[in-house]
Amino acid sequence: ASACACSKTAAAMHASVAHRLWGPLGLSAVVADPGVVDTAINREWPPALRGVYLVVTRAMGLLGRPSAGAAAVLHACFLPPPPPPQSTVSPTQPTQLSYLYGTRGVPLSPSAVVMDPGLQGEVWAFLTKFT
């Protein structure tokens, strides 16, 4: 679970910096997190644990089907882009980021960690090594 959380955080940071750098050129970045989805990963859990997981997430209205998760991501791809930053700036200045959560695509504010300028700079520096 922690590896998944770390990768989602890094992806959101990357999207935020990408929007900041390339927004003035007409490009945008949106983070679409489909939320709790019943996938093959949790189908391999021990039966008792999976049973509790299914009961709780269904009762709370959180569990979505894989097709609903995919539809939420596709929906995010076709939303109007957030407003671009005023100018091309460095990866350490704040920006607006569209972050959509769940199969209904509820807009949320990214966590403070995602928007931390120092951490964004570190993630950006690391990721640019691969481009």
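Q: How many bridges join strand β2 to strand β3?
A: In this predicted model, local features need pLDDT of at least 70, side-chain atom pairs count only at pLDDT 80 or more, and totals for chains, interfaces and linings use all residues. Residues are numbered from 1 along each chain as its sequence is written, and side-chain values use heavy atoms, with hydrogens and water left out. Strand β2 covers residues 98-101 and runs antiparallel to β3, where a strand is a DSSP run of E with at least two residues, a helix is a run of H or I with at least four, and both are numbered from the N terminus. Two strands pair if DSSP finds at least two bridges between them, and the number that joins β2 to β3 is three.

Q: Which residue of β3 is the bridge partner of Y101?
A: On the β1 side, Y101 of β2 stands opposite D33, and β1 and β2 pair in the parallel sense over four bridges. In β3, the bridge partner of Y101 is V106.

Q: Which strands are the edge strands of the sheet?
A: The sheet is open, with three strands in the order β1-β2-β3 and mixed pairing. Each edge strand pairs on one side only, and these strands are β1 (30-33) and β3 (106-108).

Q: What is the average twist from one strand to the next?
A: The twist is an angle between axes, which are lines fitted to C-alpha atoms, and angles run from 0 to 180 degrees between N-to-C directions. From one strand to the next in the open sheet, the average is 30°.

Q: Which residues form the covered face of β1?
A: In a regular strand the side chains alternate between the two faces of the sheet. The uncovered face of β1 holds V30 and A32, while the covered one holds V31 and D33.

Q: What share of the residues in the protein chain is buried?
A: Buried means under 20% relative accessible area, exposed means over 50%, and partly exposed lies in between, with a 1.4 Å probe and protein chains only. Of the 131 residues in the protein chain, the buried share is 31%.

Q: Which elements give two or more residues to the lining of the largest pocket?
A: A pocket is an open set of points on a 1 Å grid over the protein atoms alone, where a 1.4 Å probe fits and protein lies on both sides within 12 Å along at least five of seven lines; its lining residues have an atom within 4 Å of a point. The largest pocket has 14 lining residues, and the closest to its centre are C4, K8, G35, V37 and I41. The elements that give two or more residues to this lining are α1 (2-22) and α2 (40-43).
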